[in-house]
Amino acid sequence: MTLPFPAQSSLPDLLASIALLSALMLVGWITRRALKARADLPPQAARRWSANIRNALLLVAMVGLLMIWAPQLRTFALSLTAVAVAVVVATKELILCLSGSAFRTFNRAYTIGDIIEIGEYRGEVLDINLLASRLREVDRREGSIRLLKQTAVVPHSLLFSTPVRIVARAGSLPEHVFSLVFETKLNLFSRLEEIEAAARSAYDECAARSNSDEPEQAVAVTVTIKTTELGRQKLEFAFRSRLEDAATIENVIAAAVGSWVMSQNEGEIAAET
């Protein structure tokens, strides 16, 4: 390990510093003796001269020491700069995380219980500390809130490079969206009311089984119908529920609607034959 002040190069500077201080001390001692020897000099003037000379000698000492140790101080300053740069580079991510935490707090971006999306991370906020937020992840499909069996730790540094999307605030029921695609000759557009009735019946059954006291739990499921790029008929379902119930309700609705479509399709085929 290299010392900032090598012993061999510092020896001449040390001797010069001792010589300078010794000379200044000698000059101060001689000056004080001379002032005391002058009987015609008033005491107040003697004190003033003594203070001025002392301050002048101190200034000379400071300037002299700086001139003597200037090369060594320059080397030491460069070493400190290098260390400071290394520390900043090494802790860059840590500093960004702390700054991101302050950014989240000042802007009230999200809090525990919110369902958020940050980049590729999507889920319910379980915990927030100074460096990161812990999420209970949900399905990454657009509109889906099906819970996954995993958690994710999201560093707050992402807040400076990735926008935060609030899917649902804490205390509210988030909306879950899923779709079913059917390749059938049955005209689902004309049977939309029957499909909605089957979906809502299945939804109400799940809501009753959940024994939830939340009034929003009674909000009915909505159904929209579209076509895919290949011309297939696509049913899109949307409803509000707790995260824990979304997967169950989706499965029940999919089974009920799928069974209804298949039964109607079989009836159409039987009628044709």
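How many bridges pair strand S3 (residues 132–138) with S4, and in which sense do the two strands run? They pair over six bridges, in the antiparallel sense. The views below look at this pairing and its surroundings in a predicted model.

**View 1. Five strands pair into an open sheet.** Reading across this sheet, the order is S4-S3-S2-S1-S5, and the pairing is antiparallel. S4 and S5 are the edge strands; each has a single partner strand, so one side of each is left without a neighbour in the sheet. On average, neighbouring strands here are turned by 40° against each other, with direction ignored. If you would like a place to start within the S3 and S4 pairing, with its six bridges, try Arg136, whose bridge partner in S4 is Thr151.

**View 2. Helix H3 turns its buried residues towards two strands.** H3 covers residues 92–107, 16 residues in total. From its first C-alpha to its last it reaches 22 Å, close to the 22 Å expected at 1.5 Å a residue. Its buried residues are Cys97, Gly100, Ser101 and Arg104. They cover an arc of only 105° around the axis, which puts them on the same side of H3. Their packing partners are strand S2 (121–128) and strand S4 (147–155). Now look at the face of H3 turned away from that buried side: there you will find the exposed residues Lys92 and Phe106.

**View 3. Arg108 follows just after H3 with a positive phi.** Most residues other than glycine have a negative phi. Arg108 is not a glycine, yet its phi is positive, at about 50°. You can find Arg108 in the loop between H3 and strand S1 (115–118). Is Arg108 buried or exposed? With a relative accessibility of 73%, Arg108 counts as exposed, because the cut-off for exposed is over 50%.

**View 4. Phe103 and Phe160 form a tilted aromatic pair.** A search of the whole structure finds four aromatic pairs, and this is one of them. The ring centres of Phe103 and Phe160 are 5.7 Å apart and their planes stand at 45°, so the pair is tilted. Phe103 belongs to helix H3, while Phe160 sits in the loop between S4 and strand S5 (164–168), so the pair ties together parts that are 57 residues apart in sequence. Phe103 is partly exposed, with a relative accessible area of 36%. Phe160 also counts as partly exposed, at 47% relative accessibility.

**View 5. Tyr203 and Phe239 pair and are both buried.** Their rings lie 5.6 Å centre to centre, with 55° between the planes, and the pair is tilted. Tyr203 is in helix H4 (residues 192–210) and Phe239 is in strand S8, so the pair ties together parts that are 36 residues apart in sequence. Widen the view a little to follow the ring pairs that link Phe178, Tyr203, Phe237 and Phe239 into a cluster.

**View 6. Three strands form another open sheet.** The order here is S6-S8-S7, with antiparallel pairing. Strand S6 (175–182) and strand S7 (222–227) are the edge strands, each pairing on one side only. Neighbouring strands of this sheet are turned by 20° against each other on average, direction ignored. Six bridges join S7 to strand S8 (residues 233–240), and the two run antiparallel. Which residue in S8 does Ile225 stand opposite? Look for Leu235.

Key
Residues numbered from 1 in each chain as written. Predicted model: local features only at pLDDT ≥ 70, side-chain atom pairs only at ≥ 80, totals over all residues. Heavy atoms only, no water. Pairing = 2+ DSSP bridges. Helix = DSSP H or I, 4+ residues; strand = E, 2+ residues; numbered from the N terminus. Axes fitted to C-alpha atoms, helices over the stretch in contact; angles between N-to-C directions. Expected span 1.5 Å × (residues − 1). Buried < 20%, exposed > 50% of the residue type's maximum accessible area, 1.4 Å probe, protein only. Arc of directions from axis to C-beta. Contact = heavy atoms within 4.5 Å. Phe/Tyr/Trp six-rings, centres within 6.5 Å; stacked < 30°, edge-to-face > 60°.
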